[in-house]
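Here are a few short exercises on charged side chains, each with a worked solution. Have the model open and follow along.

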Amino acid sequence: MKIFFLLTFSTIFLTSFEQASASAHYDKILTHSRIRARDQGPNVCALQQVMGTKKKYFSTCRNWYQGAICGKKATVLYECCPGYMKMDGMRGCPAVAPIDHVYGTLGIVGATSTQQYSDMSKLREEIEGRGSFTFFAPSNEAWEQLSSEIHRNLVDNVNIELYNALHHHMINKRMLTKDLKNGMTLVSMYNGQKLLINHYPNGVVTVNCARVIHGNQIATNGVVHVIDRVLTPVGNTIQDFIEVEDDLSSLRAAAITSDVLDILGRPGHYTLFAPTNEAFESLPRGILERIMGDKVASEALVKFHILNTLQCSEAIMGGAVYETLEGNTLEVGCDGETLTVNGVKMVKRKDIVTSNGVIHLIDKVLIPDSAKQVIELGGAQQTTFTDLVAQLGLASSLRPEGQYTLLAPLNGAFSDDTLQMDQRLLKTILQNHIIKVKIGLNELYNGQELETIGGKLLRVFVYRTAVCVENSCMVRGSKEGRNGFIHVFRQIIKPAEKTLHEMLRNDKRFSVFLSLVKAADLDDVLSRPGEWTLFVPTNDAFKGLTDDDKDILIRDKNALRNILLYHLTQGVFIGSGFEPGVTNILKTIQGGKLYLKTVNDTLLVNELKARESDLMATNGVIHVIDKLLYPADLPVGNDQLLTILKKLIKYIQIKFVRDSTFKEIPLTFYKINIIESNVQPIIRKEDPSITQLTKLIEGEPEFKIVREGETITKVIHGEPVIKTYTKIIDGRPVEVTEKKVTEERIIQGPEIKYTRITAGGSDNEEKIKKFLEEAGTEYTKVTKVIEGEPQIIEREIKKVHLEEAPVRKVQANKRTQGGSTRRRTRLAYS
């Protein structure tokens, strides 16, 4: 009757335990193991055993479906779940294991060596008696793995050493796996020694980094958990260990220099991947000296080896990413019995447990990006670029104290022809990929200009899913180093050199299209500054067009403009900036719509393949097509014109509505703006009695007699310029509207004796003469003309942001010899 009561009690206890522990990782994984083995009968659990070892795991779904643990193939085993047992002639494990005191339970779970040592050390009487204990019992294999010296010391002094060692494996209350919380510290029954508990999401539970391999075996006076190693006392912090370990003297020096060593003496749950002295010695001397001489870099280096979580080797069943104290991440994995860091086997000794964490000794120094020079950030896919930068002497210009941004093309972007170019040309190309300032991805915005070390200005284009610089778009892989950023690009960046009109004029493929542009009076549009996307048909698109046909087209200027302006859109749209496979709708200047998408790196325009894309101009971009484009919804009302268009356009059906006419498109779709840029002034020494006045952009010049010794300040109020652009904020495109009001203050010095207005013309000279004569001042026309740009001595710029969004523009100010900023005013058409 007593036995029946105990069996019934244990069944009820285990059932309630399973319900209460539903939120514990260990118990969740155990439940999954039961589900996987349900075809084997009741209370059977499926385990994975790493081939060639005795290691068994209740596996996660990931390991189960991969059929591997730590990269090694794992076989499937079916065993009774903890607390159950088989019965002859019956499927599965239908019986509940007998319940006994802790000493007897050691035999039930197969921990016979621990049971034997308990008997030898007189611990048996205690764990058979009254109380509530938790015994973390080393398996038989764990005792066999203990070093012979330690084992001999324990067995030679069973009443003290062995007894104390076993007490170190016990706590004076019952703790099931659901009670063993991650980061918990328990006090053992030996001298108040600490037991560090970790309960990982993959179901692994560790005690001082020893893994629980069979948990929750209930006893009448407690519970037994079988672990895979013998526990040793823990007393020191990580800092204490570093300070006394001779093989970590280099790490100790770096930690002291960077003020990080004290952190490792504080309470916590750290993991330190500690490079040995040999690891530091293997670093290039120059790199090590530079990092150690830079406190910021050395601090980043040391913190990059520290995790703010405790990661025991036995808890790692596959690769996982962990954040370091430095802020970046490490991937910690395993390969059989060996730990890996970022996929590399480098751990020489693992699981040195301290009171505030665990130490793994490694034979390599991990250098974070934040401690590297920008040229060192290049990965395996950018080696061609970084090698060329070094070979051509550009690396030496990237000073450690400077700030730079590298725009690094992928290796495949460098063709054989490019690599065989004259080294001077190749050096110029590379200079176009090095920006003078440090700019992160989140600081880039649409319309931004970046100045290279070669003096070129590169334009930034921001699209929905891409950021491009000139003709090339970024791919993932941006990194920040000590003195700059590196961004990865698909292609070599080719800064624009010519306008759209100049590019058409210099390429014979476009002679027919260019002649039509000129006939429609549109060549000025393509010559002026602006931001356009032009789809240019080659001469092949006009095959069959006779001179008479061409004359008919030219005579109907409205029709010609409608056709040509259907090829032009406002804004610069790079082909590789479009999201692949997604249709993008662009409104043309004509008013119709173009439908663009990229498929297999080919740009399609209204489903027509572009022959060539992303030919950059200073005022836009050209995409080359071999068909004339025409809006499908635009009717033709003239028989002659319809006949001509049918010769050229056969991929759509052109609508015919008799006597319909094309709308007039006046050339008011682009206007003159004032574009400002910083320029280095050219200082010329001239006769001080001669000066040059600034040309006024709007209106007639105003004249006033200035007496000797007087000064005059003239304020020219420019029209407000409202600019809308897109920038990246926190990884997302955000539209920003900016209103800019410009005031120019022209300060003229003492009155001069001779003056000539170089931009005024004869009418203005007559006005000046009249003013001077009325004032009784002698007027003499001076034939000497001073050439050069208008000199604006002082300018004040007021900006009003219409939307609350941070805008940061990076512009390198160039100053005059007097130290004041010099601005140039030029005309732009958009």
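**Exercise 1.** Which residue forms a salt bridge with Arg464, and how many Å apart are the closest N and O atoms?

*Solution.* This is a predicted model, so start from the side chain of Arg464. Its salt-bridge partner is Glu579, with 2.2 Å between the closest N and O atoms. Next, place the two residues: Glu579 sits in the loop between β30 (568–570) and β31 (584–587), while Arg464 lies in the loop between β25 and β26. The pair therefore links distant parts of the chain, 115 residues apart. Finally, check accessibility: Glu579 is partly exposed because its relative accessibility is 25%, and Arg464 counts as exposed at 64%.

**Exercise 2.** Find the salt bridge between Glu470 and Arg459, and decide: is Glu470 buried or exposed?

*Solution.* The two side chains meet at 2.8 Å, N to O. Glu470 belongs to the loop between β26 (467–469) and β27 (472–481), and Arg459 to strand β25, eleven residues away. Both Glu470 and Arg459 are buried.

**Exercise 3.** What is the salt-bridge partner of Lys456?

*Solution.* Lys456 pairs with Glu497, their closest N and O atoms being 2.8 Å apart. Lys456 is in the loop between β24 (449–451) and β25 (457–462), and Glu497 is in the loop between β28 (484–489) and α18 (500–505). This bridge spans 41 residues. With 28% relative accessibility, Lys456 is partly exposed.

**Exercise 4.** How many salt bridges does the structure hold?

*Solution.* The total is 37. For a network of them, look at Lys55, Arg211, Asp228, Arg229, Glu314, Glu337 and Asp351, which are linked by salt bridges.

Notes: Residues numbered from 1 in each chain as written. Predicted model: local features only at pLDDT ≥ 70, side-chain atom pairs only at ≥ 80, totals over all residues. Heavy atoms only, no water. Salt bridge = Lys/Arg side-chain N within 4 Å of Asp/Glu carboxyl O. Helix = DSSP H or I, 4+ residues; strand = E, 2+ residues; numbered from the N terminus. Buried < 20%, exposed > 50% of the residue type's maximum accessible area, 1.4 Å probe, protein only.
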